[in-house]
Amino acid sequence: MTKKSESANEDQTKEPNRKTVSLVKSQKEQKVSAKEAKSLKEEEEEDLLLDSGTDSDYDGDSLSGSLNSDDFDSDIFDSEDDGSNRETEDGDDEGELVDGENGEEEDGSDDDEGSDQREVAEESDSSEDEVAPRNTVGDVPLEWYKDEKHIGYDITGKKITKKEKQDKLDSFLATMDDSKNWRKVYDEYNDEEVELTKEESKLIRRMLKGEAPHADFDPYAPYVDWFKWDDAIHPLSSAPEPKRRFIPSKWEAKKVVKYVRAIRKGLIKFDKPEEEPNVYLLWGDDSTSDQKSKHLTYIPPPKLKLPGHEESYNPSLEYIPTEEEKASYELMYEEDRPKFIPKRFTSLRSIPAYENALKESFDRCLDLYLCPRVRKKRINIDPESLKPKLPSRKDLRPYPNSCYLEYKGHTGPVTSISTELSGQWIASGSTDGSVRIWEVETGRCLKVWQFDEAVKCVAWNPLPDFPILAVGMGIDLVFLNTELGTDEEQQRIEELLQLDNLPELDEAAAAIAKWLPDEKYGGIKIRHFKNLSYIDWHPKGDYLSAVMPGGETRGVVIHQLSAHSTKRLPIKMRGLPVCTLFHPNHRGIFIIATKKYVRVYNLHKNGEPIKKLETGLREISSMAIHPGGDNLVVGSKEGKMCWFDMDLSSKPYKILKNHPKDITNVGFHRSYPLFASCSEDSTAYVFHGKVYNDLNENPLIVPLEILRGHSSKGGVLDCKFHPRQPWLFTAGGDSVIKLYCH
């Protein structure tokens with residue numbers, strides 16, 4: 001009875017369980033059918049929306065492959081509704097399942113799960129068959145398959161043929177007809193179009209908004225403290241483990257004891273270092289000594305000279321000096337006298353003690369520990385390779401190298417010379433108070449003016465139609481009419497040299513100079529308040545600068561011949577002026593040389609300083625500017641000559657030290673690349689100085705010739721180049737003017 005009752009109870013319990021399982025299955029089927037109906041309804045709504053979108057005007061963003069955040073709005077709202085419905089349905093299902101799980105339904109649920117897995121497996125098998133073969137070419141560029149019919153290979157190694165590309169019009173019509181075209185993206189790697197799912201569109205929309213791709217990601221998750229601070233006394237640290245935690249190994253201790261016993265018994269022996277003998281070669285080379293290895297800076301002392309045949313006790317007769325030679329030794333200086341005089345002995349027993357042995361050994365010791373020794377590395381360099389590579393003098397011809405003509409007539413030293421622009425005449429001034437005009441080619445003296453004072457400087461007007469000569473002597477500056485031009489030119493010169501209506505000078509200029517007529521020679525005389533030392537014409541021939549070293553701040557003035565006026569420079573003079581120059585190309589640029597510096601001013605801008613050249617010389621004596629106007633040569637009273645490239649730097653480009661005495665004057669040739677310098681040592685140096693138009697190329701300076709011929713009395717006081725020929729005129733203190741030609 002008990003068995004029957006138990007079986008009956010089991011049947012009664014199984015029946016309600018089977019009913020609950022059947023109810024759960026029916027609810028699942030209803031749920032699946034409801035989901036399918038809802039998804040179909042959503043797709044129909046999306047198609048209607050897309051159809052309404054395609055009826056509008058064509059937009060470029062509707063093509064396949066173009067995505068925008070606005071394209072995902074409608075789909076996202078549908079998916080959110082789906083999520084809410086799913087949550088409610090899932091909640092209902094969970095409640096029903098919880099109620100039904102009170103009974104024992106394990107067998108039925110296992111059967112249902114097995115059937116679902118089989119269906120999924122069957123679907124996955126069928127989906128794998130439908131998937132197109134994937135491209136497996138790896139990182140190979142697709143450009144290699146541009147001209148091929150296939151685009152790569154699948155996993156089995158078969159070629160994947162390219163799909164035929166539609167015409168642009170056909171593809172456009174196809175995209176307009178397809179409502180889901182906005183979801184399609186072209187995969188160039190596999191040559192196929194991929195349609196994005198709703199989940200992928202959600203991810204893209206979130207990424208476009210700058211949010212996390214997955215919706216379940218919480219960017220503001222609470223901080224999780226991974227460390228337990230309850231029992232911690234000190235903060236975390238990266239300190240090394242203390243030695244007290246080290247646990248020694250007992251096995252290693254036994255091994256050490258074993259080795260110690262073996263060493264004590266002599267079973268293990270060590271090689272002892274060999275002891276080197278403490279001996280060395282007395283007359284050996286110090287290069288093998290230990291001192292070289294111990295001391296890195298050790299320098300061996302110089303060796304003594306080994307004895308030769310002269311130090312022999314019985315040398316040959318040819319080594320023994322005669323009495324006359326011994327007497328000549330006594331007349332020599334002690335430094336040049338030989339320290340040992342050989343003698344001849346018959347045997348070793350008759351040789352006396354060397355009298356200088358103690359002195360020489362003492363001197364040797366002093367040399368060893370008192371004389372410092374320095375190691376110097378000798379470099380074998382050919383001295384010729386250190387010289388700059390200059391062109392040959394033959395390639396730089398023509399240049400003056402020999403005296404061709406002499407102009408004699410002055411009785412005192414010729415202090416200054418000046419050439420006329422045509423090159424036919426030359427003017428000279430001397431300390432005898434005479435000014436002479438010479439014909440260059442013949443040496444004939446054309447005209448002579450005699451003054452009461454020594455002539456300091458002469459300068460010919462640079463204009464060819466105004467043959468006027470400016471002569472500076474003492475405090476007077478005289479303009480002379482040379483009477484060399486035509487009648488028309490002479491008439492203009494006479495009108496120019498008349499002082500009928502003089503303009504009123506300001507007080508500053510009137511205190512410096514006065515314009516007076518020259519009654520003796522019919523010219524103009526300008527009387528200054530200090531002695532003149534240098535005059536220079538402007539290239540236009542109307543202005544003339546005069547330098548008075550004793551005038552200090554008023555030491556430089558400019559005279560205008562046409563206006564018969566004198567102007568004081570609006571410049572604060574710093575130092576005693578030596579000489580001045582007008583720039584040959586730029587108007588208004590005025591150069592003043594003081595004893596140590598050369599300054600450049602712009603007279604058009606009220607004497608604004610432009611540049612200051614630092615010569616580094618003790619005292620400047622003369623100055624000359626290149627016809628190009630960018631290079632300047634400065635001579636000094638210490639025999640040095642500085643070449644300045646004014647565009648390059650304010651310091652000398654080259655410093656030439658040629659003359660042993662003071663340089664009296666320097667000058668450039670107007671057309672040839674030549675410049676020269678003369679000095680009180682009675683010589684004149686001629687140089688080749690070529691200035692290139694390329695600013696990246698430095699000027700070429702080559703010494704060419706040393707011109708000698710003047711006597712040592714007074715030296716060479718002035719030098720000037722011929723304006724057209726490569727000739728050089730020199731004025732000497734011996735009252736002779738020389739012409740050097742090529």
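Which residues point one way from strand 8, and which the other way? In this predicted model, Ser434, Arg436 and Trp438 point one way. Val435, Ile437 and Glu439 point the other way. All of these residues are buried. Strand 8 spans residues 434-439, and six of its six residues are buried, so the strand is largely enclosed by the rest of the structure.

The setting is a chain of 742 residues, of which buried residues make up 32%. The chain holds twelve helices and 33 strands. Its accessible surface comes to about 51,300 Å². Carbon and sulfur atoms account for 51% of that surface. Contacts between residues at least 6 apart in sequence were also examined: 50% of them join residues at least 24 apart.

Strand 8 has paired strands in strand 7 and strand 9. Strand 7 covers residues 425-430 and runs antiparallel to strand 8, with five bridges joining the two. One bridge pairs Ala427 with Ile437 of strand 8. The two strands form a hairpin with three residues between them. In its turn, Gly433 has a positive phi of about 85°. Strand 9 covers residues 445-450 and pairs with strand 8 in the antiparallel sense, again over five bridges. Here Val435 has Trp449 of strand 9 as its bridge partner. The hairpin of strand 8 and strand 9 has five residues between the strands. Gly443 in this hairpin takes a positive phi near 80°.

Leu484 lies further along the chain, in the loop between strand 12 (476-481) and helix 11 (487-496). Its relative accessibility is 27%; because buried means under 20% and exposed means over 50%, Leu484 counts as partly exposed. Leaving aside neighbours within four places in sequence, Leu484 is in contact with Trp425, Leu446, Trp460, Pro467 and Gln490. Trp425 is 59 residues away from Leu484 along the chain, yet their C-alpha atoms are separated by 9.6 Å. Trp425 falls within strand 7, and Leu446 falls within strand 9. Gln490 belongs to helix 11 and is buried there.

Helix 11 has a buried side and an exposed side. Glu489, Gln490, Ile493 and Leu496 are buried. They cover an arc of only 120° around the axis, which puts them on the same side of helix 11. An α-helix has 3.6 residues a turn, so residues three or four places apart point the same way. Asp487, Glu488 and Glu495 are exposed on the other side of helix 11. What covers the buried residues of the helix includes strand 11 (468-473), strand 12 and strand 14 (523-528).

A separate description concerns an open sheet of four strands. Its order is 23-24-25-26, with antiparallel pairing. Strand 23 (620-625) and strand 26 (654-657) stand at the edges. Each has a single partner strand, so one side of each is left without a neighbour in the sheet. From one strand to the next, the twist averages 20°. Strand 25, residues 640-645, pairs with strand 26 in the antiparallel sense over four bridges. Among the paired residues, Lys640 has Lys657 in strand 26 as its bridge partner.

Methods: Residues numbered from 1 in each chain as written. Predicted model: local features only at pLDDT ≥ 70, side-chain atom pairs only at ≥ 80, totals over all residues. Heavy atoms only, no water. Buried < 20%, exposed > 50% of the residue type's maximum accessible area, 1.4 Å probe, protein only. Contact = heavy atoms within 4.5 Å. Areas by Shrake-Rupley, 256 points an atom, 1.4 Å probe, with all protein chains shown as cover. Arc of directions from axis to C-beta. Pairing = 2+ DSSP bridges. Axes fitted to C-alpha atoms, helices over the stretch in contact; angles between N-to-C directions.
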